[in-house]
Amino acid sequence: MSVPSFADLGKSARDVFTTGYHYGKSLMKLTGKAGSGGVQVDSDLRLYFDDSKLTGAAHVEYNTNEYGIFRQQWTTDGTMMLGYTVNGFPISSMGLLSELSYNPATVAGAIKCGLKCNQENVNAVCSISSDFNSNINVLGSIVTAIKGLMIGYQGGYSTETNRMTKNDIGMTYLYRDVGFHFRCVSIPNEYGLSLLYKVNSDWDAAINGILARTGGMQKWTLGTGAKCQIDDRSTFRCKFNTDLQLGMSMQHRLDPHVLLTLSFNVDCSNITRGGHKVGLALEVEG
């Protein structure tokens, strides 16, 4: 099994609580994907009926195989991004990436370059970005595998605030059908522990606990979630936490290229107060 990046540590347990839920107070999501001959085009649009606001982005990617990957992205706020990624340079296990973004309306822009390395027991990523005001942000992470245990660290620094922006550690371990993920975010302000249990090939169950400290205040939350593959076309998800938030989602594949999702969130602490959320998502792949 390959070593994941730091952002992907514990992803399987996290997906039980996040994937398949698309809701706001009144939200509709439309996603489209299409690709041919090394070119892939996708879009992700969200319409919020409460304030009639449309947000999202369109993305085009061209994979030359031999000369790298070229990317272009437009967002609804007017930001344009150009990116280039090449793998296997300067050696087979390394890769280079670069991005340039600019918004003509706000004259805000940034440039980013990075280096990644993925070997048998190590996955490391480092990037440096700067805006047009010469503020520099450095972000780096490393994950190493020791038998079944994976240990990672992520650190970030900003010259604008002269402070660490990231200071996180994470560990994952898989024992039979149970996966453990421990993390500490903004050391030592937030601790988290997730457990994923693979009940069978169609059913995943997870528990996620977080203990956060802000100033002299301390708060903990505990949530449980499940994902059930009803058949080859339908998936049901549900989750509940100590804040008495109940979420449910039903996904149904209308055909091999179209996925429909209906999800909602109910505030069980006060059913009659309102503020409940519902969302509809349509994803089309070509």
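Buried means under 20% relative accessible area and exposed over 50%, with partly exposed in between. Keep these cut-offs in mind for the close-up views below, which come from a predicted model.

**View 1. Lys198 and Asp204 meet in a salt bridge.** In this pair the closest N and O atoms are 3.2 Å apart. Is Lys198 buried or partly exposed? Lys198 has a relative accessible area of 37%, so it counts as partly exposed. Asp204, by contrast, is buried, with a value of 13%. A search of the whole structure finds 3 salt bridges, and the next two views show the others, beginning with one inside a helix.

**View 2. Within helix H1, Lys11 pairs with Asp15.** The two side chains form a salt bridge, with 2.8 Å from N to O. Helix H1 covers residues 11-18, and because Lys11 and Asp15 are 4 residues apart in it, about one helical turn separates them. Lys11 is partly exposed at 37% relative accessible area, and Asp15 is also partly exposed, at 25%.

**View 3. A salt bridge joins Glu99 to Arg71.** Here the N to O distance is 3.0 Å. This pair links distant parts of the chain: Glu99 belongs to strand S6 (residues 94-103) and Arg71 to strand S4, 28 residues apart. Arg71 counts as buried, since its relative accessibility is 15%, while Glu99 is partly exposed at 26%. As a general point, side chains of opposite charge can pair when their charged atoms come close.

**View 4. Phe70 and Tyr84 form a tilted aromatic pair.** How far apart are the ring centres of Phe70 and Tyr84? They lie 4.8 Å from centre to centre, with 40° between the planes. The pair links distant parts of the chain, with Phe70 in strand S4 (residues 69-75) and Tyr84 in strand S5 (residues 80-87), 14 residues apart. Phe70 is partly exposed, at 40% relative accessibility, and Tyr84 is partly exposed too, at 27%. The structure has 3 aromatic pairs in total.

**View 5. Lys239 sits over the face of Tyr21.** The distance from Lys239 to the ring centre of Tyr21 is 4.0 Å.

**View 6. Six residues make up the largest nonpolar core.** Its members are Val3, Phe6, Leu9, Val143, Ala145 and Met150. Apart from this core lies another, of 5 residues, including Ala13, Phe17, Leu196 and Ala206. In soluble globular proteins, nonpolar side chains tend to be buried together.

**View 7. A nonpolar patch of about 850 Å² lies on the surface.** Among the residues that make it are Met28, Leu30, Phe49, Leu254 and Leu262. Which strands each supply at least two residues of the patch? They are strand S1 (27-36), strand S18 (258-267) and strand S19 (277-285). Strand S19 gives the most, with 4 residues. For a single residue to look at, try Leu262, which lies in strand S18. Leu262 has a relative accessible area of 48% and is therefore partly exposed.

Note on methods
Residues numbered from 1 in each chain as written. Predicted model: local features only at pLDDT ≥ 70, side-chain atom pairs only at ≥ 80, totals over all residues. Heavy atoms only, no water. Core = buried A, V, L, I, M, F, W, Y, C linked by side-chain atoms within 4.5 Å. Buried < 20%, exposed > 50% of the residue type's maximum accessible area, 1.4 Å probe, protein only. Phe/Tyr/Trp six-rings, centres within 6.5 Å; stacked < 30°, edge-to-face > 60°. Lys NZ or Arg CZ within 6 Å of the ring centre and 35° of its normal. Patch = residues over 30% accessible without salt bridge, like charges linked within 9 Å, V, L, I, M, F, W, Y side chains within 5 Å. Areas by Shrake-Rupley, 256 points an atom, 1.4 Å probe, with all protein chains shown as cover. Salt bridge = Lys/Arg side-chain N within 4 Å of Asp/Glu carboxyl O.
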